[in-house]
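Hi,

Here is the structure I promised to pass along. Have a look at it first, and my notes follow underneath.

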Amino acid sequence: MAHIMRYTRTITPSYTTSLANHLKNHRLDQARLLFDKIPSPNIHLYTKMIAGYTRNDRLWDALKLFDKMSVRDVVSWNSMITGCLDCGNLGMATRLFNEMPEKNVISWTTMVNGYLKFGRVEVAQRLFLDMQVKDVAAWNAMVHGYFENGRVEEGVRLFDEMPVRDVISWTSMIGGLDLNGKSEEALFVFKKMLSSGVEPTSSTFACVLSACANAVEFNLGFQVHGHVVKLGCCFHEFISVSLITFYANCMKIEDAHKIFNETLTKNVVKWTALLTGYVWNNKHQDALRVFGDMTKMGVLPNQSTFSSTLNACSGLEALDKGKEIHTMAIRLGFETDVFVGNSLIVMYTECGNVNSAIAVFRNINEKDIVLWNSIIVGSAQHGFGLWALIFFNQMIRAGVDADEITFTGLLSACSRSGMLQKGRCFFEYISRHKSNALRLQHYACMVDILGRCGKLDEAEELVRNMPVKANSMIWLALLSACRMHSNLEVAERCAKRILDLDPSCSAAYVLLSNIYASAGRWADVSRMRVKMKRGGLAKQPGSSWVVLRGKKHEFLSADRSHPLSERIYEKLDWLVKKLKEFGHVPDKKFALHDVEDEQKEEMLSFHSERLAIAFGLVSTVEGSTITVMKNLRVCGDCHSVIKLISKIVGRKIVVRDSGRFHHFKNDICSCSDYW
């Protein structure tokens, strides 16, 4: 027996080292074989093996081993409970906690953390109050959990009640406020922390830099940067990422790139921070270049990387590139990820391919409110109002509560599809049952719905009886409706209201001028133009563009600067002849200049969207869809013409103007001539 004991004592250190090595390198099966060879393994080795299993998501193996233990101490119980929580099994963790013969403060804090992690705030609260002994770690866990679950007021109140605070307490408070959109308050807490004599850690500085980025507090962030350089922690993982984000958010992307270049190791988090910074600065082409460099270096993208890269594709309206990124996301298993899925839906809808957006949406099983909102708003943008309503009904059946963005999407859908009664019902419902979600944009949508349907007096009455003062956006919605229905009396009142609120609003002058032009009141048109000139205001020139093989081809009205101009105008001449054969007569009221009828016809023929379509016809494969983007609303004559062109050339043409998407095919538009 003595011989065996001496042997055990001799071999145990060797076994322990080998076991630790296997677990560190995730060789679990080899670790278990070695563990089974150890004569009478002690509690410490059991606990080490259990932790190895749970860290690798093998919970049931850990539980079987835990059941084999003849003797357990509080450390082994705590380790097993932590493992259950890490593996996502709150129920098992609760059962073990209730069975635990003796609990220490770590046991209680672990369960408080667990309930908070799973959003069970009230249960965590009760457990926290039941704790007879609370150390600072327990208080910190509760404060942090409140903020993580969006319970800001309770987090602040508990922080104020803390008998003792350490640096983690202050850091949780700073990070929590920043997380919940209260970045300026977070920076105030940081200053208070410094005056309390508490020394910040690298984690504190990372949170402060994040708050500086979100609040765009460049001077303070710059000082913090200098301080972390002096302390020698500027290359710490979270610090360097926070610095990249800080400089990017403050529109100093070159400095952000410099920080990135100076980092010793460049992992996916740092690459993503830089890429996102370029997107934030509207440098979408540079963002795609960063993505390309990252993949060439062998760094695999994560959800955030794909999300930001797809946002760059949306910004460039680069559908082909977006499809390429989508393919890569599928290959890496991110097709059903909520964050990637949401960015895909936005990218496809922004690039005019709503069917692909719906296919992505249907492929995702776990749908959150952001995903539902994206597909509802996307359907509304494309004028598919009934689709938006169907998705809303599915969302309600799935038990997801609507928010203010959902209601904006629904009202927009009703507006763009001429669903007056549906729009009234939704607005009435929000007013009565969700009044806290009612925003100015909802009033603007309702005014738009009424205005488009010709209910101008009712729309004006709604604006006048609003509980809050109407802004220029709401009056502009009514003015746009006046343009549609040629109502000068209401238009002049609207324009006066808008210019009282915002004398530099060029849109009001332009809309009123266009109404005067349609009525043939050229003296009033001249008066508007003189007023704009005196106020230093300029009308935004209409432009249209096509993105082809990653390159943007932009056209102004009567533009001849494109290298393919000769072919474009040849195609236009051919189209004009074909349009006449099909009986099209130009609607000269949309030529808003006091010139001869022949000149008006010519001006209409060379509108920017027609040039862009002609370019698409001569530059793309026969039968393929042509997608055109326009910065202003498409005029009525062009709308009629594009419908006919789609029939003449046998192609689908998608046009996104400032208000919506139009899908033209075989002389029919998806808007049913209601826009």
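Is Trp-387 buried, partly exposed or exposed? With a relative accessible area of 32%, Trp-387 comes out as partly exposed. Before going on, please keep in mind that this is a predicted model. Trp-387 belongs to helix 24, which runs over residues 385–397. Together with Leu-386 and Ile-390, Trp-387 makes a nonpolar surface patch of about 300 Å².

Next, the repeats. The unreviewed UniProt entry carries the annotation "repeat: PPR" for several stretches, including residues 42–72 and 267–301. In the model, residues 42–72 are 74% helix and 0% strand, with 10 Å between the end C-alpha atoms. For residues 267–301 the chain is 74% helix and 0% strand, and the end C-alpha atoms are 10 Å apart.

Ala-273 sits in helix 17 (residues 268–280). Its relative accessibility is 9%, so Ala-273 counts as buried. Leaving aside residues up to four places away in sequence, Ala-273 touches Val-241, Ile-244 and Thr-245. From Ala-273 to Val-71 there are 202 residues in sequence and 48 Å in space, C-alpha to C-alpha.

Now the charges. The count of salt bridges comes to 27, and I picked out a few for you.

- Glu-122 pairs with Arg-151 in a salt bridge, the closest N and O atoms being 2.8 Å apart. This pair links distant parts of the chain, 29 residues apart: Glu-122 is in helix 8 (residues 121–130), while Arg-151 is in the loop between helix 9 (136–148) and helix 10 (152–161). Glu-122 is partly exposed at 41% relative accessible area, and Arg-151 is partly exposed at 21%.

- Arg-452 forms a salt bridge with Asp-448, and the closest N and O atoms are 2.8 Å apart. Because they are four residues apart in helix 27 (residues 440–452), about one helical turn separates Arg-452 and Asp-448. Arg-452 counts as buried at 9% relative accessibility, and Asp-448 is buried with a relative accessible area of 16%.

- Arg-610 and Asp-637 meet through their side chains in a salt bridge of 2.5 Å, N to O. Arg-610 lies in helix 35 (residues 608–619) and Asp-637 in helix 36 (residues 636–649), so the pair ties together parts that are 27 residues apart in sequence. Arg-610 is buried, and so is Asp-637.

- Glu-460, Arg-464, Glu-489 and Arg-493 are joined into one network by salt bridges that share partners.

Asp-637 turns up again with a histidine. Which side chain does His-584 meet in a polar contact of 3.4 Å? The partner is Asp-637, again side chain to side chain. His-584 is in the loop between helix 33 (565–581) and helix 34 (597–605). Why does His-584 count as buried? Its relative accessibility is 15%, and buried means under 20%. Not counting residues up to four places away in sequence, His-584 touches Leu-579, Asp-637, Ser-640, Val-641 and Leu-644.

If you open just one spot in the viewer, I'd pick Asp-637, which has the salt bridge to Arg-610 and the polar contact with His-584.

Cheers

Methods. Residues numbered from 1 in each chain as written. Predicted model: local features only at pLDDT ≥ 70, side-chain atom pairs only at ≥ 80, totals over all residues. Heavy atoms only, no water. Patch = residues over 30% accessible without salt bridge, like charges linked within 9 Å, V, L, I, M, F, W, Y side chains within 5 Å. Areas by Shrake-Rupley, 256 points an atom, 1.4 Å probe, with all protein chains shown as cover. Salt bridge = Lys/Arg side-chain N within 4 Å of Asp/Glu carboxyl O. Helix = DSSP H or I, 4+ residues; strand = E, 2+ residues; numbered from the N terminus. Buried < 20%, exposed > 50% of the residue type's maximum accessible area, 1.4 Å probe, protein only. Polar contact = N/O pair within 3.5 Å; in protein donor to acceptor, adjacent residues only side chain to side chain. Contact = heavy atoms within 4.5 Å. UniProt positions renumbered as here; feature names shortened; annotations may be inferred.
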